[in-house]
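Reader: I am in my first year and still learning to read folds, and I would like a close look at a single part of this one. Could you take me slowly through one strand and its partners, and then show me what lies around them?

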Amino acid sequence: MGFVKTHDIDELTSELIGNQVILGGWVEDFRKLGKMSFITLRDVTGISQIIVKGELNDNLGEINRQSVISVKGIVQETKARDFAFEIKAEEIEVLGKAVHPLPVDPIGRVESNIDTRLNHRALDMRNQKTASIFKLRHHVLQSLRKTLSGKKFIEITTPKIIGSASEGGANLFSLDYFGKTAYLAQSPQLYKEQMTIGLERVFEISNFYRAENSHTGRHLTEFTSIDIEAAFMDYNDVMDVLESLVLEVYKFTSENCKKEQEIIGHIIEVPKSPFERITYSQCVEELQKDGEKIEFGDDLLDSHLRIIGNNHPGFFFLTDWPMKLKPFYIREKDEDPTLSRSFDLQFGYLELSSGGTRLHNPDMLKARLKEQGLDPAQFQDHLKTFDWGMPPHSGWGMGLDRLMTTLIGIDNVREVVLYPRDPDRLNP
């Protein structure tokens, strides 16, 4: 028979009753009852019941659950409650046999812990809850690209192997690059800024790398980041872009992913807007009122953010951070140079995004590098582009994996990443 499918299971309609089809998928359940057998066949689109009778049933042999088969047969009506149609089998071919016992149960009758599932991730993808998470992730990416393209952003792809520690900081992976030291990029920051010279508005959705020895449910060493940079926008403008992007993701998946929400057991509710905007100074005041020992200029600890998150549930922007807590490329506020034109997007205590208005004056940028103990000579490839007419620009980066956890109501990013990388996990 071969393995050419004529239809996916979700393409079976009443118009096909009486017609011959060829389906392909894996055996989710198999019951042999005397002169008949019932096979529950699943593919990525749904499930169907296969009825096997007569000589074909006598010669069926052993069919293991989770084995991949192709079925040629006639579409017919069914009395079975869980199926819209059934297939009366004419030919069945085992294309790939599954061994038993399997390391995880994809049907979910026997639960496995997350490490066991991650160690057998491909098989875990047959679990409908896991599959639904990644179908949702696909729709989120679709929504992001559509919304950003609609706002005249152009998608770019920047290098992940870089020649210098472009943003400073110690959390870099280094590697031997033909006798030279190279690094894995932490973000597309400098490249995306440079692109505003000619393309004005750019975005990238890609993996980046951070050598951070953190063992939490929200940290990874390889993560997917959504980044934008826009000429002629300030930090309030790009906050508006970010808010509309998040709202559209929630709206799009809420409307287009009903089945996935049902399987996961979580209803996606579009957040209220506009998102609240709270300044860093207001946060410090709130924390002091709560009895926390914190002064202006101190970084906000996880414990601080949990208090602020309890006071402001859901999405909110945390703005106007002290300059000394921000990277060299962030611009200060004209009315108070101790404060920066910067923000974080929070979901409760969880930081999803960080951004701000960038410095576009090369002399100020060089001075800021020196202030932060960085050598301008290390940034010469970046700095020279500012002599070619750099427009004022702003941008942000947001963690896609963290956004996914807010969308589906879980607190471990490993659930939403195919093959997560953290300090303890390098395989599979």
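**A strand and its partners**

Author: In this predicted model, strand S17 and strand S18 (residues 393-399) run antiparallel and are joined by five bridges. To find one place where the two strands meet, look for Gly-356, which stands opposite Gly-395 in S18. S17 itself covers residues 350-357, and it is mostly covered, since six of its eight residues are buried; to count as buried, a residue must have under 20% relative accessible area.

S17 also pairs with strand S16 (residues 342-347), again in the antiparallel sense, and here the pairing extends over six bridges. Phe-347 of S16 stands opposite Leu-350 in S17, and the two strands form a hairpin with two residues between them, where Gly-348 takes a positive phi near 60 degrees. As background, strands of a sheet pair through backbone hydrogen bonds, and they can do so either parallel or antiparallel. It also helps to keep in mind that in a regular strand the side chains alternate between the two faces of the sheet.

A further hairpin can be followed in strands S14 and S15, where two residues make the connection. Strand S14 (residues 332-333) runs antiparallel to strand S15 (residues 336-340), and two bridges hold the pair in register. Within this pair, Glu-332 has Ser-340 of S15 standing opposite.

Next, consider helix H12, which spans residues 400-408: nine of its nine residues are buried, so the helix is largely enclosed by the rest of the structure. Among these buried residues are Leu-400, Asp-401 and Arg-402, and the list also includes Leu-403, Met-404 and Ile-408. After H12 comes Gly-409, and the phi of this glycine is positive, near 70 degrees.

With that part in view, other strands of the chain can be set beside it. An open sheet of three strands has the order S7-S9-S8, with antiparallel pairing. Strand S7 (161-162) and strand S8 (174-177) stand at its edges, and because each has a single partner strand, one side of each is left without a neighbour in the sheet. S8 is joined by four bridges to strand S9 (residues 180-184), and these two strands run antiparallel; one of the places to look is Ser-174, whose bridge partner in S9 is Tyr-183.

Elsewhere, five strands close into a barrel, and going round it their order is S1-S2-S3-S5-S4, with mixed pairing. From one strand to the next, the twist averages 50 degrees. Strand S1 (residues 20-33) and strand S4 (residues 68-76) run antiparallel and are joined by seven bridges, and in this pair Trp-26 has Val-68 of S4 as its bridge partner.

Two single residues are useful for practising how to read exposure. Gly-198 is found in the loop between helix H5 (189-195) and strand S10 (201-209), and it is exposed because its relative accessible area is 63%, where the cut-off for exposed is over 50%. Although Gly-198 and Leu-144 are 54 residues apart along the chain, you can also trace the gap in space, for their C-alpha atoms are separated by 23 Å. Asn-256, in contrast, has its place in helix H6 (residues 235-256), and with a relative accessible area of 43% it is partly exposed. From Asn-256 to Leu-136 the distance is 9.3 Å, C-alpha to C-alpha, while the two residues are 120 residues apart in sequence.

Finally, step back to the whole chain, which has 12 helices and 18 strands, and whose C-alpha atoms fill a box of roughly 85 × 55 × 40 Å along the principal axes. Of its 428 residues, 50% count as buried. Among the contacts in the chain with a separation of 6 or more, 64% are between residues 24 or more positions apart. The chain exposes about 21,100 Å², and carbon and sulfur atoms supply 49% of that area. As for charge, the chain has 51 positive and 65 negative charges, and the mean positions of the two sets are 4 Å apart.

Notes: Residues are numbered from 1 along each chain as its sequence is written. This is a predicted model: local features need pLDDT of at least 70, side-chain atom pairs count only at pLDDT 80 or more; totals for chains, interfaces and linings use all residues. Side-chain values use heavy atoms; hydrogens and water are left out. Two strands pair if DSSP finds at least two bridges between them. Axes are lines fitted to C-alpha atoms, for helices over the stretch in contact, and angles run from 0 to 180 degrees between N-to-C directions. Buried means under 20% relative accessible area, exposed over 50%, partly exposed in between (1.4 Å probe, protein chains only). Contact means heavy atoms within 4.5 Å. Accessible areas come from the Shrake-Rupley method with a 1.4 Å probe; for residues, only the protein chains shown count as cover. Lys and Arg count as positive and Asp and Glu as negative; His and the chain ends are not counted. The place of a charge is taken as NZ of Lys, CZ of Arg, CG of Asp or CD of Glu.
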